[in-house]
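Here are some short exercises to work through with the model open beside you. Try each task on your own before you read its solution.

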Amino acid sequence: MEENQKDSEREQPRFDFMKEQIKERPLNKKKLLRRTVMTASMAVVFGLVACLTVLVLEPVFNNWLYPEKTGENITFSPETEEMLPEDMALDDKELEQEQGSEEIQRPVSMQEKKIDELEIYEETYKRLQDLAKDVSRCMVTVTGVTSDMDWFDNPYVSSGQTAGIIIANNSKEYLVLADAAPLAGVETIHVTFCDNSQVEAQMKMSDSTTGLAVLAVDSKEIGQPILDKIETAVLGSSNDTALTGSPVIALGSPMGISGSLMYGIATSCEVVSNTVDSEYKLITTDICGSRNGTGVLINLKGEVIGVITHKFHDTGMENMVYALGITELRETIERLSNGKRQAYLGVYGTDVTEEANKSLQVPYGAYVTEIEIDSPAMQAGIQSGDVVVSLNGKSVESFRDYIEALSTSIAGSSVNITIMRKNQEEYKEMSFLVALGELE
């Protein structure tokens, strides 16, 4: 057995001398880089194609797999136009024609409505114009004339004009209230009435505090034709609580032009202008006029409620029409009309409020805020902070009471004044005998 094995081994050829070794091909970096770039580019292209395919086909598959419910269409019923009662009524002739047949309602067109609104608007202003025309019979134009010589000794005539209003008739003369500034230092004064007739007038008295003057026109100088056309103004009230926001009419010369007319609204009537020994309510309006405007404000009843002034204007509102309240002016107008001089004490004051009375124990009366230098009040010893409670035997509970009591006093006379002055923690009564001066 062993011999057979050895024989077979001798018979097989020997290949031990042959040995094969496989070597790897050298790496080509450029070719590898090119293949990498191509692979990456193909991947990017494949990704973009896949994204676009998903974006395009995704809604299709969604609508196929999950069909979306569509909402119902919204329809609004046409708006019906509200019919006014007067539009629904038919004329008698139309009723006769429509008897026995179906009623047909003709809608009112927008053009017809606009015409109706314009007619109402026109009618409103027509009524305001008629009211102003009636009151203008009380209005006059006052002209002050002065003769002088120029630099070359040539004579010339200068004149100033202002609007005035007829306030009274004392059976001897007609009294006209006007602005005093254009009439200062003039030689003659002429009053032109509503019919353009002109009569000479005389200065009766002026007031430096309000800047107003009262002129007198002799009734004998006025002919009967003029008397039949002119009227005396009706004085209303400036204390009406509903005055603010109410329509007002400015007459006279609110634009600085004689006979001008303006409409507006009273914007406030709570502004009070304190002056020496008096106070006046200012009625402000939304009317933009002239800085030199004069005249009066009237309400829709044709009553005078204010006299236009620029003496108490606030800075920045010079062109707005202001008026002194007629209620506060009544005493001044009455005094000027009667030729009575105003008694002068020299006190600026205000009312004592309820809060001051309760919290600070300030007694009710005319609270003195300021004393004029060298005035009778200063010379008598009255001081700021005093409270006037009595004047010449008349009780004073407000500054208005003080004004009324002083208005009945005679300039140059002596009056007893009782005041309350704070001494430490309480007010004590003091009395003074004061010789009243005369307000120039």
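Helices and strands are DSSP runs numbered from the N terminus, a helix having at least four residues and a strand at least two. The model is predicted, so please keep that in mind as you go.

**Exercise 1. Getting an overview**

Task: Find how many helices and strands the protein chain has, and what share of its residues is buried.

Solution: Start with the secondary structure: the protein chain holds ten helices and 20 strands. Next, look at burial, where the cut-off is a relative accessible area under 20%. Of the 440 residues in the protein chain, 37% are buried. Then turn to the surface: about 29300 Å² is exposed by the protein chain, and 52% of this comes from carbon and sulfur atoms. Finally, consider the contacts between residues at least 6 apart in sequence: 59% of them join residues at least 24 apart.

**Exercise 2. A serine in a loop**

Task: Locate Ser171, decide whether Ser171 is buried or exposed, and work out how far its C-alpha atom is from that of Ser219.

Solution: First, the location. Ser171 sits in the loop that runs between strand S2 (155-169) and strand S3 (173-179). Second, the accessibility. Exposed means over 50%, and Ser171 has a relative accessible area of 67%, so Ser171 is exposed. Third, the distance. Ser171 and Ser219 are 48 residues apart along the chain, and their C-alpha atoms are separated by 7.5 Å.

**Exercise 3. Two neighbours with opposite accessibility**

Task: Place Asp374 and Ser375, and say for each whether it is buried or exposed.

Solution: Begin with the loop. Ser375 is in the loop between strand S15 (366-371) and helix H9 (376-380), and Asp374 is found in the loop between S15 and H9. Now compare accessibility. Ser375 is buried, because its relative accessible area is 0%. Asp374 counts as exposed, because its relative accessibility is 60%. Next, list the partners of Ser375: setting aside neighbours within four places in sequence, Ser375 is in contact with Tyr344, Leu345 and Gly346. Last, check the backbone of Asp374, whose phi is positive, near 65 degrees, although Asp374 is a residue other than glycine.

**Exercise 4. Positive phi angles**

Task: Find the sign of phi for Asn196 and for Gly339.

Solution: A general point comes first: most residues other than glycine have a negative phi. Asn196 is not a glycine, yet its phi is positive, about 70 degrees. Asn196 is placed in the loop between strand S4 (188-192) and strand S5 (198-207), and Asn196 counts as exposed because its relative accessible area is 66%. Gly339 follows H7 and has a positive phi near 70 degrees. While you are there, look at helix H7 (residues 326-337), whose buried residues include Ile326, Leu329, Ile333 and Leu336.

**Exercise 5. Charges on helix H5**

Task: Identify the partner of Asp130 in a salt bridge, and name the residues of the negative surface patch.

Solution: Asp130 forms a salt bridge with Lys126, and the closest N and O atoms are 3.1 Å apart. Both Asp130 and Lys126 lie in helix H5, four residues apart, which is about one turn of the helix. In an α-helix, residues three or four places apart point the same way, because there are 3.6 residues a turn. Asp130 is partly exposed at 33%, and Lys126 is partly exposed at 40%. Now for the patch: Asp116, Glu117, Glu119, Glu122 and Glu123 form a negative surface patch. Asp116 belongs to helix H5 (residues 110-135) and is partly exposed, with a relative accessible area of 40%.

**Exercise 6. Salt bridges across the sequence**

Task: Find which residues pair with Glu173 and Asp386 in salt bridges.

Solution: The whole structure has eight salt bridges. In one of them, the side chains of Glu173 and Lys204 meet, at 3.0 Å from N to O. This pair links distant parts of the chain, with Glu173 in strand S3 and Lys204 in strand S5, 31 residues apart. Glu173 is buried at 14%, whereas Lys204 is partly exposed at 30%. In another, the side chains of Asp386 and Arg421 meet, at 2.8 Å from N to O. Here Asp386 is in the loop between H9 and strand S16 (387-391) and Arg421 is in strand S18 (residues 414-423), 35 residues apart. Asp386 is buried, with a relative accessible area of 2%, and Arg421 counts as buried at 16%.

Conventions
Residues numbered from 1 in each chain as written. Predicted model: local features only at pLDDT ≥ 70, side-chain atom pairs only at ≥ 80, totals over all residues. Heavy atoms only, no water. Buried < 20%, exposed > 50% of the residue type's maximum accessible area, 1.4 Å probe, protein only. Contact = heavy atoms within 4.5 Å. Patch = residues over 30% accessible without salt bridge, like charges linked within 9 Å, V, L, I, M, F, W, Y side chains within 5 Å. Areas by Shrake-Rupley, 256 points an atom, 1.4 Å probe, with all protein chains shown as cover. Salt bridge = Lys/Arg side-chain N within 4 Å of Asp/Glu carboxyl O. Lys, Arg positive; Asp, Glu negative; His and termini not counted. Charge placed at Lys NZ, Arg CZ, Asp CG, Glu CD.
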